[in-house]
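Thanks, everyone. Let me put the structure up, and then I'll walk through it.

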2 protein chains.
Amino acid sequence: MKRYIVIMAGGIGTRFWPSSTEDRPKQFLDILDIGKSLLRMTYERSLQLVSNEHIIIMTNKKYLDLVKKDLPELPSENILCEPSRNDTAPCIAYAALHIKSRDIDSSFAVLSSDHVIHFEQKFVTAMIKGFDYAEANDCLVTLGIKPTRPDTGYGYIQFLQDDHEVKKVLSFKEKPDIDTAKEYLESGLYLWNGGIFIWTNHSLINAFHKYTEGIIDVLSEDVKFFNTSDEQSYIDKVYPLTDKISFDYAIMEKADNIYAIEADIGWTDLGTWASLYEYSQKDDNGNVIQNDSAVVIDTSNSIIKVKDGKKILIRGLSDYIVIDEDNALLIFPKNKEQEIKASLKKFEN
Amino acid sequence: MKRYIVIMAGGIGTRFWPSSTEDRPKQFLDILDIGKSLLRMTYERSLQLVSNEHIIIMTNKKYLDLVKKDLPELPSENILCEPSRNDTAPCIAYAALHIKSRDIDSSFAVLSSDHVIHFEQKFVTAMIKGFDYAEANDCLVTLGIKPTRPDTGYGYIQFLQDDHEVKKVLSFKEKPDIDTAKEYLESGLYLWNGGIFIWTNHSLINAFHKYTEGIIDVLSEDVKFFNTSDEQSYIDKVYPLTDKISFDYAIMEKADNIYAIEADIGWTDLGTWASLYEYSQKDDNGNVIQNDSAVVIDTSNSIIKVKDGKKILIRGLSDYIVIDEDNALLIFPKNKEQEIKASLKKFEN
């Protein structure tokens, strides 16, 4: 069975302001300051599982050039463009129909383009296990992330405790409150939903037919256009007519054939500046400094990101976020980060 | 007697980092955010005393284009270029010889291009009084600024207490320590040295001959070149040979015919960010914000200067200096400003 990896790279990146903007969202940024974007890291990670002919990037038309620039060696026919923002369920259905038109007997995994996975070898091992299981059984597989703290920012996957290495999933839970999150963590029966899925095309398309007529029927109207030069104009016509719904709501919360592989792979969705801070290497004062000419005095436990070449002289900050971009400057206490979004609304007044 | 005003605009602006740089020093900046540079403000203030044909700008060759751009209506022959940095005494001697070549019977005032004078009408009145006195007496006149606090950042002028409106100067004092500054203030016999001087060409050139052979003799070698098309090449040859010395050291601390006019004109040399903060209008939280799209929360008594159009979101700073330029960012406690200069040396390591 031919294996593919689908990387979803169409998000608009409302977090990570001011670095991430709608014109250049998070997945295209070198947010870790290591010389490559999160998308490129995801792509390179995927190459450990499949060749690049079998890597498909799903993105918005608006970001086509950004993807091409970031992944110049990727065959351009492997970049599929959504003509409208209809959430993740139509996106994944489109990927499934496209891959089916290439290889009728195929399996594929779905990855987010803007997450980080620290332990790549563990990831590869878990993914291969997932592919093997999905291809041997008519089911939908997800890598569930072993929780390390009662995080209220993630969805959870409840699984059935038994002797099997691949666990039957009982339910998907939305982001919990802190008490619930603590219960989840203590029970040992929950995993974080990291948005990493594996299935055969056959099983997935069956699930779409079972649960989402408003998506699969719309996209399947004229499947002869897939994998032809007319695919984009066909998609431009039908894709905007699909139901706007997330894949979790549309399929994962309804399907009864979901299985989870517990994965301890150093995953984070890098959803906040504080999570980038936590993930990154600190200096002796607990600072994360992304800048090559910084003089930082009496400053600790802060994340400072200013483009290389720009001199910065900072003194007397503790637990701060300092992010400078050409068109915006953020100086904000790290423990108030959740209030940034509301504060940004004041710009509109 | 023909009156001139000489504005010294050759300083390299080591303070006000990162806004002021050697390529574009303080006098050329709109540091008050009012739409004109300090030089332009000084120029416009001078127009209340003389026509622009009688305003002479002394600057370094490097800044000729900046002066022309800032004062496009000034006759270009009124911009005199120093070919080397030899401090203020040679600069003023050059101005004197140049003006003498235009009008042998003339007087002139010297102003700094990067100071602020808040009460312009009082300034004009005091200057006229100074011109009148200098033209009627063979002496050197200075406007002494009435001190409002025991400032240790300024030089002081000690004067003879008597009934005359124009006071005989007894001595020039260098920057004092705080106790001495307090004594000066309490005695009522000291003024700040604001670097504002008025004299006739005759009296000044006499003083140069008396005290500074290494300057006036060098520059006077071939006075026929002044006010001709060969002036610049002549100056390029002789000016670098003059003694490098400040006018205060060379003349004012030695001459015995100095008189002071007490001036309460709202003068400041704007020597520090804190002084700009003090001088500027504050919002309800005591902040001075030079930016048109700022969202500032839980922040007080701070000066924030970021180019218009750049969004800034700042929270939780108190008594801070936040200055953002294209190539540098400063975030520093206001009461530690005197340590910025030392901190900047760390960039060189």
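One term before we start: a residue is buried when its relative accessible area is under 20%, and exposed when that figure is over 50%. Keep those cut-offs in mind. Take Leu270(B): its relative accessible area is 0%, so Leu270(B) is buried. And please remember throughout that this is a predicted model.

Stay with Leu270(B) for a moment. It sits in the loop between β11 (267-268) and α10 (273-279) of chain B. Its phi is near 45 degrees, which is positive, and the residue is not a glycine. In general, most residues other than glycine have a negative phi.

Phe16(B) is another case. Its phi is positive too, about 65 degrees, and again this is not a glycine. Phe16(B) belongs to the loop between β1 and α1 of chain B. Buried or exposed? Phe16(B) is buried, at a relative accessible area of 3%.

Now look along that loop. Pro18(B) also lies between β1 (2-8) and α1 (38-46) of chain B. The peptide bond from Trp17(B) to Pro18(B) is cis, with omega near 5 degrees. Most peptide bonds are trans, as a general matter. Chain A has a cis bond here as well: it joins Trp17(A) and Pro18(A), with omega about 5 degrees. Pro18(A) is in the loop between β1 and α1 of chain A.

That brings us to the two copies. Any two copies of a chain are related by a rotation about an axis and a shift along it. What are the turn and the shift here? Chain A goes onto chain B with a turn of 180 degrees and a shift of 0.0 Å along the axis, at an RMSD of 0.1 Å. That is the relation of a two-fold axis. Which residue of chain A comes closest to the rotation axis? Asp326(A) does, with its C-alpha at 3.9 Å.

How do the copies meet? Of the interface residues of chain A, 100% are also interface residues in chain B, so the copies meet through the same surface.

Next, chain A as a whole. Its secondary structure comes to 11 helices and 17 strands. The radius of gyration is 21 Å, close to the 20 Å that the globule rule gives for 349 residues, so chain A is as compact as a globular protein of that length. Along the principal axes, its C-alpha atoms fill a box of roughly 60 × 50 × 40 Å. Buried residues are 55% of the 349. Consider the contacts in chain A with a separation of 6 or more: 65% of them come from residues 24 or more positions apart.

On the outside, chain A exposes about 15000 Å², and carbon and sulfur atoms supply 47% of that. There are 40 positive and 55 negative side chains in chain A. The centres of the two sets lie 3 Å apart.

Now a helix: α1 of chain A, residues 38-46. Of its 9 residues, 8 are buried, so the helix is largely enclosed by the rest of the structure. Among the buried ones are Leu38(A), Leu39(A), Met41(A) and Tyr43(A). Arg40(A) and Arg45(A) are buried too. What do the buried residues of α1(A) pack against? Their partners in chain A include the strands β1 (2-8), β2 (55-60) and β4 (106-112), and the helices α2 (64-70) and α4 (120-136).

Over in chain B, helix α4 (residues 120-136) holds Val124(B). Val124(B) counts as buried, at 6% relative accessibility. Leaving out residues up to four places away in sequence, it touches Gln48(B) and Leu49(B). Val169(B) is 45 residues from Val124(B) in sequence, and the two C-alpha atoms are 21 Å apart.

Last stop, around α10 in chain A. Glu278(A) is in this helix, residues 273-279. At 54% relative accessibility, Glu278(A) is exposed. Its C-alpha is 9.0 Å from that of Val288(A), 10 residues away along the chain.

Asn287(A) follows in the loop between α10 and β12 (288-290) of chain A. Asn287(A) is buried, at 2% relative accessibility. Beyond its neighbours within four places in sequence, its contacts include Gln281(A), Lys282(A), Val296(A) and Asn301(A). From Asn287(A) to Tyr277(A), 10 residues apart along the chain, the C-alpha separation is 8.3 Å.

That's the tour. Over to you for discussion.

Note on methods. Residues numbered from 1 in each chain as written. Chains lettered and ligands numbered in written order. Predicted model: local features only at pLDDT ≥ 70, side-chain atom pairs only at ≥ 80, totals over all residues. Heavy atoms only, no water. Helix = DSSP H or I, 4+ residues; strand = E, 2+ residues; numbered from the N terminus. Rg over C-alpha atoms; globule rule 2.2 N^0.38 Å. Buried < 20%, exposed > 50% of the residue type's maximum accessible area, 1.4 Å probe, protein only. Contact = heavy atoms within 4.5 Å. Areas by Shrake-Rupley, 256 points an atom, 1.4 Å probe, with all protein chains shown as cover. Lys, Arg positive; Asp, Glu negative; His and termini not counted. Charge placed at Lys NZ, Arg CZ, Asp CG, Glu CD. Least-squares fit on C-alpha atoms with pLDDT ≥ 70 in both.
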